[in-house]
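Me: I would like to learn how to read the features of a structure, one at a time, with the general idea stated before the case.

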Amino acid sequence: MGQLLQDLRFIIGLFFLTTGGVLTAQGLIDGPMQLSVANLNLGSGLAMLVFAVAMLTLSVLTPAPATGGH
Amino acid sequence: MQLQFVDYALIGIYFLFVIGVGLVAKMKVKTAGDFLLSGRSTPLWIASLAFISANLGAQELIGMCASGAKYGAMTAHFYWVGAIPAMLFLGLFMMPFYYGSRARSVPEYLALRFDEKTRAFNALTFAIMTVFSSGVSLYALAILLEALLKWDFNLCVFSAALIVMAYTYVGGLTSAIYNEVLQFCLIVFGIAPVVVAGLAQIGGWDAITSTLPANMTHIWAYTGSAEANPMGVNAGSLILGLGFFLSFGYWCTDYLVIQRAMAARSLGTAQTTPVIATFPKALLPIITILPGLIAIVLLKTGASFAIPLKADGRTDFDLTLPSLLAHYYPHGLLGIGLTALLASFMSGMAGNVTAFNSVVVYDLYETFVKAKASDQHYLKVGKIVTILGIALSIGTAYVARGYNNIMDLLQLVFGFVNAPLFAVFLLGMSAKRPTGRGAFSGLMVGTACAFFAHGASIAEGKGGWLGFSLFHFSTAMAQSFFIAIVAFVVCFVVTIAVSFSSAARPESELKGLVYGLTDEVSVKAPWYKAPGFYAIVATVVTLILNVLVW
């Protein structure tokens, strides 16, 4: 876990998981469930979540070397 | 514009992560080299995104959107002509000298190639430039938040400065670089929805081309004469002024961006960093310039959208992007959009502070105050200089608030420093004859000529402070191209002339610093990983983009 926390991809993944989660929740509270530009919170939130999952997966599947500043 | 709890919560989450990144980076800082140079261990993708992000400050984000609204699609020249060729040149031809010479900074290369006085001149002007740029970033952030959210100017200045200081003080360059990558991603996610929503509302690119005049939607078709396009420049001055003198002057000599590539873990990575960075750079106009065009279409089609006016009644184009955010974004995404703006300000400021650090410690303190001290001593000095840089930035922000015209002039003049500097680097790297005396004289005279060219020319009411004007330009942009050309040519000629009147250094001292006296460095990588291959692809992509909006 300590190694993962030093991996920038993991940090970016965590950040967008948090902000994407907040936006998605806000989008669901706001209004229509359909994904459209009329619901920018939901659309942006989901896009951030997809990006977050990709970054987290990459950081777990391809661990950064102990030194090297990933 | 009123924020709600969810907006504040998202801004708060961002600040927590920024400080967290600083604490993570702190674990890697053991020596002065770790703090000031990131230990030369940064991987390619991080170095490339940081390279772009260090340049993607708020002035760029807000300024390019404003230029998009004012000048139209031609603003893309700042990317496709004014950045990409120079970035490729830096990676392919200059980085082997910067990185290969083991210089820790751009001024240190000048010391190795020429002499200490040339280094001191460059280090001093660069240190002053970075502090002013950092202060202007802070000032611009504070007045924007004051205008949009009615936040207190003093609170904005000090809180933003403290956050930047917190993460640069604990984690140094690594922390700044990591945060720049995070900020880059945030800027893309924070601004891209404006483009999506805007295009969906107005009816796509076709609506832009059918609503705006043709010279606002083509980048080359109306450059036959300066009068035919809103930027007031013709193709020749565009290619020479922007595409060569200004852009090569900036991208190939400005330590702020080059520092990101020099932090790479190997020469191959350092070379590839600016080359890879051209790909996101080529696509950035989609989120920086396109919103400006969308805003003008919205204004022309009578949508319920407005850009605030200045006190003199003219449109305040600098508020184009914030106005679009307020127009389209619901609460939640508004917090992300504002955080993206905050991120761009802080990224610009942190970039300046970390570059200021390295230059002050290595090129001024170690060289002229205390040489051969312990590594821990330089680490301590680096941290003190971080605080000093932030304090000077805060002071500059207040100077800017009181004397806005002086800041305009200083910003303009600092823009000229790089053009003569590029002439010196070009001569120094490509030929063995230029000498330290020649380089120093060229820099002094070239910079002075840039100053006087500004004083003797007028554009949009700016310049002409000598009391007479020999040249009139329809736009300040055309004037800046002219001044950069003058500064470069004068510096080039003076450097050569003075060099031939002074003794050249022996060839043995120039090995690794000059083309022809340096063993050709071949990066051992398959062709599809070589910087040259990526440079070809980047060139093709850029040409295609140019043709698409010809």
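**Aromatic pairs and a chain contact**

Reply: B:F440 is partly exposed, with a relative accessible area of 22%, where buried means under 20%, exposed over 50% and partly exposed in between (1.4 Å probe, protein chains only). This is a predicted model, in which local features need pLDDT of at least 70 and side-chain atom pairs pLDDT 80 or more, whereas totals for chains, interfaces and linings use all residues. Residues are numbered from 1 along each chain as written, chains are lettered from A and ligands numbered from 1 in the order written, and side-chain values use heavy atoms, without hydrogens and water.

Me: How many aromatic pairs does a search of the whole structure find?

Reply: Rings of Phe, Tyr and Trp (its six-membered ring) pair if their centres lie within 6.5 Å, and planes under 30 degrees apart count as stacked, over 60 as edge-to-face and the rest as tilted. Here the search gives 38 pairs over all chains. In one of them, B:F121 and B:F440 have ring centres 6.1 Å apart and planes at 85°, so the pair is edge-to-face. B:F121 is buried, at a relative accessible area of 17%.

Me: How many residues does each chain give to the contact between chain A and chain B?

Reply: Contact means heavy atoms within 4.5 Å, and by that rule chain A gives 26 residues and chain B 32 residues. Of the residues on the side of chain A, 15 are nonpolar, nine polar and two charged, where Ala, Val, Leu, Ile, Met, Phe, Trp, Tyr, Cys and Pro count as nonpolar, Asp, Glu, Lys and Arg as charged, and the others, Gly among them, as polar. Between the two chains there are zero salt bridges (a side-chain nitrogen of Lys or Arg within 4 Å of a carboxyl oxygen of Asp or Glu).
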